Amino acid sequence: MGYKQQAIEKGANGFIHKGSNASSFLQQMMDILWQKDNFRKQLVDESLRENAINLTKQQQKIVSLLYDSHTSKQIAAELDISKRTVEYHLQNLKTIFQVTSLDALKSKIYKEYF
């Protein structure tokens with residue numbers, strides 16, 4: 001398990017990059033405090049890139065929301081798309097990640113990519 005995953009599990013809301021200058025440090029602190037820094041989404045995006053998983057932007061958003069334990073209905077509302085469209089994307093994601101169920105997809109995302 002990576003240090004970022006451990007940080008999330010312990011309640012971290014973001015991180016500050018090493019070597020940040022004073023201005024950048026303050027901006028990153030404000031982003032974290034005002035929740036502009038979407039730490040979990042960054043973690044998902046980074047992990048997908050590191051593991052060479054090529055997903056569409058919409059699929060990346062859905063994976064990120066799944067990672068945050070959103071339901072299909074919540075994902076649909078968040079992305080302003082129909083639940084049926086979410087289900088379509090989830091089916092494609094199951095194929096990409098080589099699983100047959102939503103639980104298996106979530107498990108694979110949690111265990112193997114983060």
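Hi everyone. Let me start with one residue, Leu93: setting aside neighbours within four places in sequence, Leu93 is in contact with Leu55, Gln59, Ile62, Val63 and Leu105. Keep in mind that what we are looking at is a predicted model.

Now let's step back to the whole chain. It has seven helices and zero strands, so if you follow along the sequence the pattern reads α-α-α-α-α-α-α. Of its 114 residues, 33% count as buried. Among the contacts with a separation of 6 or more, 48% are between residues 24 or more positions apart. As for the outside, the chain exposes about 7,700 Å², and carbon and sulfur atoms supply 50% of that.

Back to Leu93, and to its helix. Helix H6 covers residues 83-96, which is 14 residues. From first C-alpha to last, H6 reaches 20 Å, close to the 20 Å expected at 1.5 Å a residue.

Which residues of H6 are buried? They are Val86, His89, Leu90, Leu93 and Lys94. Looking down the axis of H6, these buried residues fall within an arc of 145°, so they line one face of the helix. If that spacing puzzles you, here is the general rule: an α-helix has 3.6 residues a turn, so residues three or four places apart point the same way. Turn to the face of H6 that looks away from the buried side, and you find the exposed residues Arg84, Tyr88 and Thr95. Just after H6, Gln98 takes a positive phi of about 55°.

Next, meet one of the partners of Leu93. Gln59 sits in helix H4, residues 57-67. Is Gln59 buried or exposed? Its relative accessible area is 7%, which is under the 20% cut-off, so Gln59 counts as buried. Leaving out residues up to four places away in sequence, Gln59 touches His89, Asn92, Leu93 and Ile96.

Finally, the core. The largest nonpolar core has 17 residues, and those with the most contacts inside it are Ile62, Leu66, Ile75, Leu90, Leu93, Phe97 and Leu105. Where do the core residues come from? H4, helix H5 (72-79), H6 and helix H7 (102-113) each supply at least two of them. The largest share, five residues, comes from H4. As a general background point, in soluble globular proteins, nonpolar side chains tend to be buried together.

So we end where we began: Leu93 is buried in H6, touches Gln59 and Ile62 among others, and is one of the core residues with the most contacts. Thanks for listening!

How values were computed: Residues numbered from 1 in each chain as written. Predicted model: local features only at pLDDT ≥ 70, side-chain atom pairs only at ≥ 80, totals over all residues. Heavy atoms only, no water. Helix = DSSP H or I, 4+ residues; strand = E, 2+ residues; numbered from the N terminus. Expected span 1.5 Å × (residues − 1). Buried < 20%, exposed > 50% of the residue type's maximum accessible area, 1.4 Å probe, protein only. Arc of directions from axis to C-beta. Contact = heavy atoms within 4.5 Å. Core = buried A, V, L, I, M, F, W, Y, C linked by side-chain atoms within 4.5 Å. Areas by Shrake-Rupley, 256 points an atom, 1.4 Å probe, with all protein chains shown as cover.
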